[in-house]
Structure formats: C-alpha cells, structure tokens
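Me: I would like to go through the reasoning behind some of the labels attached to this structure. Please set each value against the cut-off that it has to meet.

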Amino acid sequence: MKLYLATGNAHKVKELQEIIAAAKLPIEVFSAKEVGGMPEVVEDQETFTGNALKKGLALAQQLPEGTWALADDSGLCVDCLDGAPGVYSARYAGEKATDTENLNKLLHEMEGLPLEQRSASFQCHLAMVSSSGDEQIFIGQCEGHIIEEACGEGGFGYDPVFVPQGKEKTFAEISSEEKAGLSHRGNALKEMIEFLRNALSAKK
Ligand code: IMP
C-alpha cells in the first residue's frame with residue numbers, strides 16, 4: 001500500500017513516518033514532494049476533521065491510481081480559553097506567526113493562572129483519502145497542562161509548554177519515541193494502524 005503525506009510540515013512528516021515504520025506493516029510512505037508537492041489549501045473549516053479532509057482530498061487529486069493521501073490536522077485546545085487556539089493553533093498570533101510567537105501569546109493569555117486552570121489537550125484528526133475518493137478518519141488526543149515558561153529544545157509548536165497528564169516533562173524534553181507513545185498523533189496513528197492491519201489481513 002502506498003501512502004502520500006498531505007503536509008509540508010517537516011515535523012509532522014518525521015513523526016508520522018517514524019510511527020508508521022515502527023508498525024512494520026507493508027506500507028510505503030512518501031512525501032507530497034514525490035507527486036509535485038502539497039497543493040495550497042486554505043484551512044478555513046471549523047473542525048479538525050473538516051480541515052484534514054480538505055487537505056487529504058486536495059492531495060488525493062494528484063495521486064497515482066490505487067494510492068492514498070494521509071492528512072493531519074491538529075492543534076492545542078486550552079480549557080480556560082474555551083478550546084482556543086484549537087483549529088487556529090498554527091496562526092494564533094497572526095497569519096504568518098512563528099511557533100515561538102504563538103507559544104508566547106498563549107503564555108501571555110494564561111499568565112498568573114493557577115495549575116488547576118491550566119488544563120489542555122492536543123487533538124489530532126487524520127484523514128486517509130484514496131485516489132478514487134474513499135475517506136477514513138482517525139482521531140487521537142492527549143490530555144495535559146500548560147506550564148508557565150517554555151522548557152526543552154525538542155519537538156515543535158507548543159511542545160515546550162505542554163506537559164502530558166501524569167508526567168513531569170514537556171513534550172520538548174522527551175525523546176520522539178516517548179512522545180509517540182503518549183501523543184495525540186501517536187494515538188490517532190494507533191487507530192489507523194489497527195484499521196490497516198485488519199484491512200490488510202482480510203485481503204490475504
Ligand atoms: P495544522 O498544520 O493546521 O494542523 O496546525 C497544527 C498546529 O498545531 C501546529 O502548527 C502547532 O502549532 C500545533 N501542533 C499540532 N501538533 C502539535 C504537536 O505535536 N506539538 C506541538 N504543537 C502541535
């Protein structure tokens with residue numbers, strides 16, 4: 001089975017590739033670059049699923065027959081901010097904002113709040129879309145809280161301020177393997193891998 005990643009985000013590509021490779025399924029993973037690059041998609045949907053499907057469908061249109069696109073739409077939902085930044089996570093501090101600008105805006109909004117008001121969750125919605133338009137959605141989340149100051153050099157996005165439930169280190173302070181075992185993306189991929197394992201064994 002051939003899967004093309006419908007994202008230009010190098011961090012997402014690395015995480016998706018590593019987790020799919022570890023599952024040891026007969027799946028070949030390619031970047032969108034192999035089929036002319038990820039087309040420009042306006043992420044204007046109100047839900048993660050809506051945006052993931054939009055990206056998946058856009059890439060699926062330029063894929064060879066019999067192959068699939070895999071799109072990831074994800075973000076951070078902070079309870080005391082009514083779920084913000086949510087689908088706006090990548091552009092919380094403005095259209096072209098950097099990860100650091102987004103993260104600093106979040107810390108500013110939450111300044112002085114006690115631990116019990118700092119709960120948050122990462123959400124990841126994966127859309128698999130075939131070249132003929134079949135769709136499958138897989139959802140994963142990871143609960144945790146936002147600390148007061150960025151900590152750690154690894155990962156991307158809001159990783160330096162997010163501590164998963166029951167842990168003491170941020171996503172930016174742990175290895176990519178440990179993050180994969182806990183994260184929203186890891187959890188969504190577990191669902192997808194389970195689905196593909198069943199589908200591939202039913203074909204035998
Ligand atoms: P998307 O490309 O519209 O899905 O935006 C995803 C945004 O959510 C990223 O730019 C990050 O700001 C944030 N995000 C998603 N997943 C993660 C993660 O695993 N760690 C940190 N930030 C993430």
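Reply: This is a predicted model, and a fair place to begin is the ligand, which has 17 residues around it, with Lys12, Glu43, Asp159, Lys179 and Arg185 coming nearest.

Me: What makes the pairing of Asp159 with the ligand a polar contact?

Reply: A polar side-chain atom of Asp159 lies 2.6 Å from a nitrogen atom of the ligand, and because a polar contact is a pair of N or O atoms within 3.5 Å, the pair qualifies. The side chain of Lys179 has an N or O atom 2.8 Å from an oxygen atom of the ligand, and for the side chain of Asp73 the corresponding distance to a ligand oxygen is 3.2 Å, so these pairs also meet the limit of 3.5 Å. The protein buries 93% of the 490 Å² that the ligand exposes when taken alone.

Me: Which element supplies the largest share of the shell around the ligand?

Reply: Strand E3 does, with four residues; E3 spans 68-78, and both E3 and helix H5 (184-203) supply at least two residues each. By class, the shell has eight charged, five polar and four nonpolar residues.

Me: Why is the pair of Tyr4 and Phe30 called stacked?

Reply: The whole structure holds five aromatic pairs. The ring centres of Tyr4 and Phe30 are 4.9 Å apart, and their planes meet at 25°; because centres within 6.5 Å make a pair and planes under 30 degrees apart count as stacked, the label follows. Since Tyr4 belongs to strand E1 and Phe30 to strand E2, the pair ties together parts that are 26 residues apart in sequence.

How values were computed. Residues are numbered from 1 along each chain as its sequence is written. This is a predicted model: local features need pLDDT of at least 70, side-chain atom pairs count only at pLDDT 80 or more; totals for chains, interfaces and linings use all residues. Side-chain values use heavy atoms; hydrogens and water are left out. A residue is near a molecule or strand if one of its heavy atoms lies within 4 Å of it. A polar contact is a pair of N or O atoms within 3.5 Å; within protein, one must be able to donate a hydrogen and the other to accept it, and residues adjacent in sequence count only if both atoms are side-chain atoms. Accessible areas come from the Shrake-Rupley method with a 1.4 Å probe; for residues, only the protein chains shown count as cover. Ala, Val, Leu, Ile, Met, Phe, Trp, Tyr, Cys and Pro count as nonpolar, Asp, Glu, Lys and Arg as charged, and the others, Gly among them, as polar. Rings of Phe, Tyr and Trp (its six-membered ring) pair if their centres lie within 6.5 Å; planes under 30 degrees apart count as stacked, over 60 as edge-to-face and the rest as tilted.
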